[in-house]
Amino acid sequence: MYVPRGQIEHPLDSRLDVRPILNPLPPRSLAAVADIRTFCLLCGSLRKGNYDIIHFTCAHPWNVPLSYFLDRKRIVLTLHDPEPHPGEGITSRIVAVYNALIVRRVGRLVVHGKVWKQLLESRGLHHVSYAPLASTQVQSPSPYPIDGPILFFGRIMPYKGLDIFVDSLEIVMREEPTVHAVIAGEGRIPEKVASKLAHLAPRVTVLNRRISEDEKDQLFRVTRFVVLPYRQATQSGVIPDAYAHGRPVLATTVGALPEAVVDGQTGFLVPPDEPEALASKMRLLLEHPELAQKMGNSAREFFERELSPQRMVQSLVETYKIVEGERTTH
């Protein structure tokens with residue numbers, strides 16, 4: 001495993017060879033693209049290693065040129081965003097170009113949604129595997145907090161619908177005077193949304209910064225349920241994190257979210273851009289904590305069955321076997 005120096009502070013497994021990359025640079029910076037010395041060191045190490053499988057687990061400017069220096073049949077690429085997210089400006093265009101350049105340069109693509117596997121196959125890409133997006137939060141779920149807050153968690157971007165969440169809170173809080181909510185994640189909050197949040201204070205706590213793993217764990221432990229009011233989505237790591245803690249999820253019917261949220265069992269699904277529909281389901285869980293707790297139990301069971309690290313590893317091993325089989329038969 002090649003990682004930036006300092007990324008992993010302790011060995012993950014005695015069988016795992018962790019090799020830090022010298023002089024790491026942020027993958028989105030221009031300097032990272034121009035760091036020829038480190039690129040050559042990495043390329044040389046990968047070529048000399050004669051690895052059976054080389055797995056690019058995230059997008060990086062080097063993935064495309066590396067695919068030309070390495071045996072592409074050995075390469076597995078996790079494609080986190082088959083479709084660029086709207087509202088991200090030049091980043092969306094860069095993702096589109098990156099996808100176009102890389103998808104046919106690897107032996108196997110891995111996506112975290114069955115809907116995305118179907119989409120890519122409809123475009124003539126038949127070297128696609130599905131693997132669930134798992135959570136590493138595998139501790140026993142904590143008791144359901146009847147008086148806990150509602151949680152919006154994650155990087156704040158336009159497509160994630162923070163404004164829809166706040167509009168829903170305004171509806172709910174008019175009828176539920178004791179409800180509290182937490183918004184946690186880095187990213188720019190639009191002025192209009194910030195103005196509404198100011199009027200809802202102190203009933204809404206805003207943690208507009210990067211959240212540590214320990215703090216994240218605590219937030220999920222104390223929340224009643226988690227809300228994903230997304231306008232668009234690929235998939236979301238927030239859902240398995242919520243399920244691991246035994247918390248139901250309210251989400252929209254976009255991307256692969258309906259694959260992870262079983263409507264009426266592990267949470268509720270509502271159409272995007274409909275704050276009234278979202279508020280209605282929020283009130284239902286607030287007024288019936290026994291239902292929320294039952295859904296949370298079902299969510300934990302779904303996590304253990306479909307979204308656990310073991311399930312993800314099993315899917316990846318199956319993918320590696322496919323790649324190895326195809327490579328040795330040609």
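# A guided tour, stop by stop

Start by selecting Thr223, which sits in the loop that runs from helix 8 (213-222) to strand 10 (225-228). Bear in mind as you look around that this is a predicted model. Is Thr223 buried or exposed? With a relative accessible area of 1%, Thr223 is buried.

Now show the polar atoms around the Thr223 side chain. One of its polar atoms lies 2.8 Å from the backbone oxygen of Pro149. The backbone nitrogen of Leu151 is there too, 3.4 Å from a polar atom of the Thr223 side chain. To see the wider surroundings, add Pro145, Pro149, Ile150, Leu151 and Arg247: these are the residues Thr223 touches once those up to four places away in sequence are set aside.

**Zoom out for a moment**

Colour the model by secondary structure, and you will find 13 helices and 12 strands. The protein has 330 residues, of which 47% count as buried. If you like contact maps, take the contacts between residues at least 6 apart in sequence: 60% of them join residues at least 24 apart.

**A second threonine**

Next, select Thr266, in the loop between helix 10 (257-260) and strand 12 (267-270). Thr266 has a relative accessibility of 2%, so this residue counts as buried. Which side chain does the Thr266 side chain meet in a polar contact? Display Tyr243: the two side chains make a polar contact at 2.7 Å. The Thr266 side chain also reaches the backbone nitrogen of Val262, at 2.9 Å.

Then expand the selection around Thr266. Beyond its neighbours within four places in sequence, Thr266 is in contact with Tyr243, Pro248, Val249, Ala260 and Val261, and also with Met295, Ser298, Ala299 and Phe302.

**Helix 6 and its two partners**

Hide the side chains and pick out helix 6 (residues 162-175) together with helix 11 (residues 275-287). Two packed helices are described by the angle between their axes and the distance between the axes. Here the axes come within 8 Å and cross at roughly 50°. That angle makes helix 6 oblique to helix 11. The crossing of helix 6 and helix 11 is right-handed.

Bring the side chains back to see who meets whom. On the helix 6 side, select Ile164, Phe165, Asp167, Ser168, Leu169, Ile171, Val172 and Glu175; they meet Pro275, Glu276, Leu278, Ala279, Met282, Arg283 and Leu286 in helix 11.

Keep helix 6 on screen and swap helix 11 for helix 7. How do helix 6 and helix 7 (residues 191-200) pack, and at what angle? They pack at about 25°, with their axes 10 Å apart. An angle under 35 degrees counts as roughly parallel, and so helix 6 is roughly parallel to helix 7. The contact is made by Leu162, Asp163, Val166, Asp167, Leu169, Glu170 and Met173 of helix 6, with Val193, Lys196, Leu197 and Leu200 on the helix 7 side. This crossing, of helix 6 with helix 7, is left-handed.

**Salt bridges to visit**

How many salt bridges does the structure hold? There are 14, and a few of them make good stops.

- Select Asp163, Arg231 and Asp273 together: salt bridges link these residues in a network.
- Move to Arg300 and Glu304, whose closest N and O atoms are 3.0 Å apart in a salt bridge. Both residues lie in helix 12 (residues 289-307), 4 residues apart, about one turn of the helix. Arg300 counts as buried at 12% relative accessibility, while Glu304, at 47%, counts as partly exposed.
- Try Arg74 next, in a salt bridge with Asp71, where the closest N and O atoms are 3.4 Å apart. Arg74 counts as buried, at 16% relative accessibility, whereas Asp71 is partly exposed, with a relative accessible area of 34%.
- Finish with Arg209 and Glu215, a salt bridge whose closest N and O atoms are 2.8 Å apart. Here Arg209 is partly exposed, at a relative accessible area of 38%, and Glu215 is partly exposed at 24%.

Technical notes. Residues are numbered from 1 along each chain as its sequence is written. This is a predicted model: local features need pLDDT of at least 70, side-chain atom pairs count only at pLDDT 80 or more; totals for chains, interfaces and linings use all residues. Side-chain values use heavy atoms; hydrogens and water are left out. A salt bridge is a side-chain nitrogen of Lys or Arg within 4 Å of a carboxyl oxygen of Asp or Glu. Buried means under 20% relative accessible area, exposed over 50%, partly exposed in between (1.4 Å probe, protein chains only). Helices (H or I, at least four residues) and strands (E, at least two) are DSSP runs, numbered from the N terminus. A polar contact is a pair of N or O atoms within 3.5 Å; within protein, one must be able to donate a hydrogen and the other to accept it, and residues adjacent in sequence count only if both atoms are side-chain atoms. Contact means heavy atoms within 4.5 Å. Axes are lines fitted to C-alpha atoms, for helices over the stretch in contact, and angles run from 0 to 180 degrees between N-to-C directions. Angles under 35 degrees count as roughly parallel, over 145 as roughly antiparallel, 65 to 115 as roughly perpendicular and the rest as oblique. A crossing is left-handed if the near helix is turned anticlockwise from the far one by less than a right angle, and right-handed if clockwise.
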